[in-house]
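Me: I should like to learn how to read the features of a protein model. Could you guide me through the one shown here?

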Amino acid sequence: MNKIAGVRFKKAGKIYYFSSENMEVNIDDGVIVETSRGMEYGRVVIFPKHPEIPGDPGELRPILRKATARDLVQVERNREREKEAFQICLEKIKKLKCKMKLLRVEYTFDRNKIVFFFTAEGRVDFRELVKELAAVFHTRIEMRQVGVRDEAKQVSGIGPCGRTLCCASFLGEFAPVSIKMAKTQGLSLNPSKISGVCGRLMCCLRYEDGMYKCGEIKGKGCGCHKKIVVPEPSVGMKVMTDKGEGQVVYVNHQKHTVKVQYPDQPEQILSWKEIDKSDD
């Protein structure tokens, strides 16, 4: 039975699956595969196994071979040519006055195609640009327009947390992020506070969403990884405390505390363990 390996073509890129057949490949091995764009060089990031992935494994394209020293030299040469192609394309864009922002240039491994990634406010007529680029490079030219999130992923940068953008460092694909996630986490709905450098909702809002919705957390300090079930209160819940019955008006999921409001007493901040859910 054929084994299947996950291959990534660039850092933080999407993982594609290929059949490894009887070839012995390991994590971080360079491989040459055939894709819809042509021959490509990538690295194995998921160990060859019999994964449960959608579709028939027999329909997957095979890994052609392991990358050799000569292949690695060609990859480096392609990177140098991409830099040259980037500068040439910038000059052509300026000459033709195309309203677009060039982000990155990619050569396929076999150099049969060059892909130019760009952003623009609307649709752009780049037919003349393609003609001029084809006359220079004598190969297939593809112009690919991407959105603002893809722009941030390709350009990279530093987020409000002080670290490299998640999309540029490890996120293979973008997951949906909604304003409801920010509300669930009790965050300010000020766009400048919950938006990333791309102007869209921060991807990290999705990371913590599960913790705010689920009352089960995994213990990490002891190393046993057993589930510690913590009763999770919610806003509006009626609870019993040492001062009597009150209502939860705020929940702090990081500190596991709640703010309880009483009918005739000041508000009180208590830990989750100090409250009992009212029977009413």
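Reply: Let us begin with a single residue: Pro176 is found in the loop between α4 and α5 (179-184). Please bear in mind throughout that this is a predicted model.

Me: Is Pro176 buried or exposed?

Reply: The general idea is to compare the relative accessible area with a cut-off, and exposed means over 50%. Pro176 has a relative accessible area of 60%, so this residue is exposed.

Me: Which residues does Pro176 contact, leaving aside its neighbours within four places in sequence?

Reply: Contact means heavy atoms within 4.5 Å. With those neighbours left aside, Pro176 is in contact with Met181 and Arg206. A separation between C-alpha atoms can also be given: those of Pro176 and Leu201 are separated by 9.5 Å, although the two residues are 25 residues apart along the chain.

Me: How many aromatic pairs are found in the whole structure?

Reply: A search of the whole structure finds four aromatic pairs. Phe9 and Phe18 serve as an example: their ring centres are 6.2 Å apart and their planes stand at 85°, so the pair is edge-to-face. The rings of Phe118 and Phe126 are also edge-to-face, because their centres are 5.9 Å apart and their planes are at 75°. In addition, Phe9 and Phe18 form one aromatic cluster with Tyr16.

Me: Which of these Phe residues are buried, and which are partly exposed?

Reply: Buried means under 20% relative accessible area. Phe18, at 5% relative accessibility, therefore counts as buried, whereas Phe9, at 24%, counts as partly exposed. In the other pair, Phe118 is buried at 0% relative accessibility, and Phe126 is partly exposed with a relative accessible area of 25%.

Me: Where does a charged end sit over a ring?

Reply: The charged end of Lys10 sits over the ring of Phe117, 5.5 Å from the ring centre. The charged end of Lys153 is placed over the ring of Phe174, at 5.8 Å from the centre of that ring.

Me: What can be said of α3 (148-155) and its buried residues?

Reply: The buried residues of α3 are Arg149, Glu151, Ala152 and Lys153. These buried residues pack against β6, β7 (113-119) and α4. Just after α3, Ser156 takes a positive phi of about 70°.

Me: What volume does the largest pocket have, and which residues are closest to its centre?

Reply: The volume of the largest pocket is about 1,100 Å³. Of the 38 residues that line this pocket, Phe9, Lys10, Arg37, Arg104 and Glu106 are the closest to its centre. Among the elements that each supply at least two residues of the lining are β2 (15-21), α1 (69-96) and α3. By class, the lining of the largest pocket holds 15 nonpolar, eight polar and 15 charged residues.

Me: How does one read the second largest pocket, and what volume does it have?

Reply: The same steps serve here. The second largest pocket has a volume of about 320 Å³. It is lined by 21 residues, of which Leu165, Cys166, Gly196, Met202 and Cys203 are the closest to its centre. Two or more residues of the lining come from each of α3, α4 (166-169) and α7 (204-213). The most comes from α7, with three residues. The lining of the second largest pocket divides into 14 nonpolar, three polar and four charged residues.

Terms used. Residues numbered from 1 in each chain as written. Predicted model: local features only at pLDDT ≥ 70, side-chain atom pairs only at ≥ 80, totals over all residues. Heavy atoms only, no water. Phe/Tyr/Trp six-rings, centres within 6.5 Å; stacked < 30°, edge-to-face > 60°. Buried < 20%, exposed > 50% of the residue type's maximum accessible area, 1.4 Å probe, protein only. Lys NZ or Arg CZ within 6 Å of the ring centre and 35° of its normal. 1 Å grid on protein atoms, 1.4 Å probe; cavity = no way out; pocket = protein on both sides within 12 Å on 5 of 7 lines; lining within 4 Å. Points joined across faces, edges and corners; volume = space filled by probe spheres on them. Helix = DSSP H or I, 4+ residues; strand = E, 2+ residues; numbered from the N terminus. Nonpolar A, V, L, I, M, F, W, Y, C, P; charged D, E, K, R; others polar.
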